[in-house]
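Here is a friendly walk through the pockets and overall build of the protein you have in front of you. Let's begin with the pockets and then step back to the whole fold.

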Amino acid sequence: MAKTSIIIPSRNEFYEISPGMTVLQRTVQDVYEKATGDFEVIVGFDGPPYQDFPKLPNLSLVKMAEPIGLKRLLNRLCLMSSGKYIYKTDSHCMFGEGFDEILQADMEDNWVVTPRFYVLDAENWRWQDDRFYDYFYLSCPFTDRNQFKFKAGGHWQELTQEKLDVLIDETPQIHGSGWFLTKEYYFNCLGGFPTIDPMGHAQEPPYLCFKTYLGPWGGSVKVNKKTWYAHMHKGAQRPNGYAYSRGQTRYSYDLAAKYWMGNQWEQRIHDIDWFIKKFMP
């Protein structure tokens with residue numbers, strides 16, 4: 001099988017899940033325990049402070065002198081990758097055995113794919129419970145009580161239970177903490193991530209999924225239920241490394257929602273109405 005570049009952007013990911021072990025270090029360790037094919041790992045630090053790792057084969061560390069934002073960092077890490085495929089993961093995740101080869105085995109060049117989603121109990125390094133999510137919906141920005149935005153998350157529990165027997169299926173959106181595609185598709189079709197907001201904060205799923213569905217490539221966003229990953233949710237006890245001011249966050253969410261709901265992407269062959277009608281429950 002072809003090589004997979006596992007991209008891990010990180011910022012201030014110093015939460016310790018056990019003495020002397022940060023969740024980022026444990027995520028990297030888990031990649032090496034679970035990946036079974038030809039792979040490399042690229043950890044990108046979006047500014048100091050940095051972390052150390054054991055000497056591991058095909059591990060590269062990219063240390064930015066100052067923060068440049070998540071999306072700019074992702075573009076840089078993907079550009080320097082050497083694999084045919086890119087698997088982007090948040091820096092606080094656990095993986096299924098052989099996830100890299102399982103995703104490759106059922107893959108098309110114009111797809112964006114995400115594995116089945118679990119919640120991670122990071123301190124014990126296991127699933128929080130047996131609940132999982134395969135499908136994600138896009139929330140309506142017109143009905144959000146706080147601002148005009150696509151709300152993060154969107155776990156579609158009903159559809160997940162209805163379609164348990166379909167192992168690879170189309171989903172409107174993804175969580176954003178884990179996605180898989182070809183490097184060629186990322187750059188030559190999607191054009192990487194736009195960097196039109198100050199720090200490129202949040203909203204990975206709308207940009208990836210809208211471009212795939214509305215663009216001229218006949219693409220699709222899929223969930224591959226043959227493998228999984230588990231994502232650690234943040235909270236009071238687990239600080240958010242990518243923490244922005246309320247103003248920065250509001251600006252990024254507002255910009256993305258107006259961009260896509262306003263049909264501002266010039267390469268589209270479908271408007272947002274087409275997407276809504278396609279995935280209306």
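In this predicted model, the lining of the largest pocket is made up of 15 nonpolar, 17 polar and 8 charged residues. The pocket itself holds about 930 Å³ of space. It is lined by 40 residues, and those closest to its centre are Ala-152, His-201, Ala-202, Asn-240 and Tyr-253. At least two lining residues come from each of strand S1 (4–10), helix H6 (204–214) and helix H7 (246–261).

The second largest pocket has a volume of about 280 Å³. Leu-138, Phe-275, Ile-276, Phe-279 and Met-280 sit closest to its centre, out of 15 lining residues. Helix H8 (residues 272–279) is the top contributor to this lining, giving 4 residues.

The table sets out the make-up of the two linings.

| Pocket | Nonpolar | Polar | Charged |
|---|---|---|---|
| Largest pocket | 15 residues | 17 residues | 8 residues |
| Second largest pocket | 14 residues | 1 residue | no residues |

Now for the whole protein. What does its secondary structure come to? There are 8 helices and 12 strands. The radius of gyration is 18 Å, which agrees with a compact globule, because a globule of 281 residues would have a value near 19 Å. Along the principal axes, the C-alpha atoms fill a box of roughly 50 × 45 × 35 Å.

Of the 281 residues, 56% are buried. Among contacts between residues at least 6 apart in sequence, 76% join residues at least 24 apart. On the outside, the protein exposes about 12,500 Å², with carbon and sulfur atoms supplying 49% of that area.

Terms used
Residues numbered from 1 in each chain as written. Predicted model: local features only at pLDDT ≥ 70, side-chain atom pairs only at ≥ 80, totals over all residues. Heavy atoms only, no water. 1 Å grid on protein atoms, 1.4 Å probe; cavity = no way out; pocket = protein on both sides within 12 Å on 5 of 7 lines; lining within 4 Å. Points joined across faces, edges and corners; volume = space filled by probe spheres on them. Nonpolar A, V, L, I, M, F, W, Y, C, P; charged D, E, K, R; others polar. Rg over C-alpha atoms; globule rule 2.2 N^0.38 Å. Buried < 20%, exposed > 50% of the residue type's maximum accessible area, 1.4 Å probe, protein only. Contact = heavy atoms within 4.5 Å. Areas by Shrake-Rupley, 256 points an atom, 1.4 Å probe, with all protein chains shown as cover.
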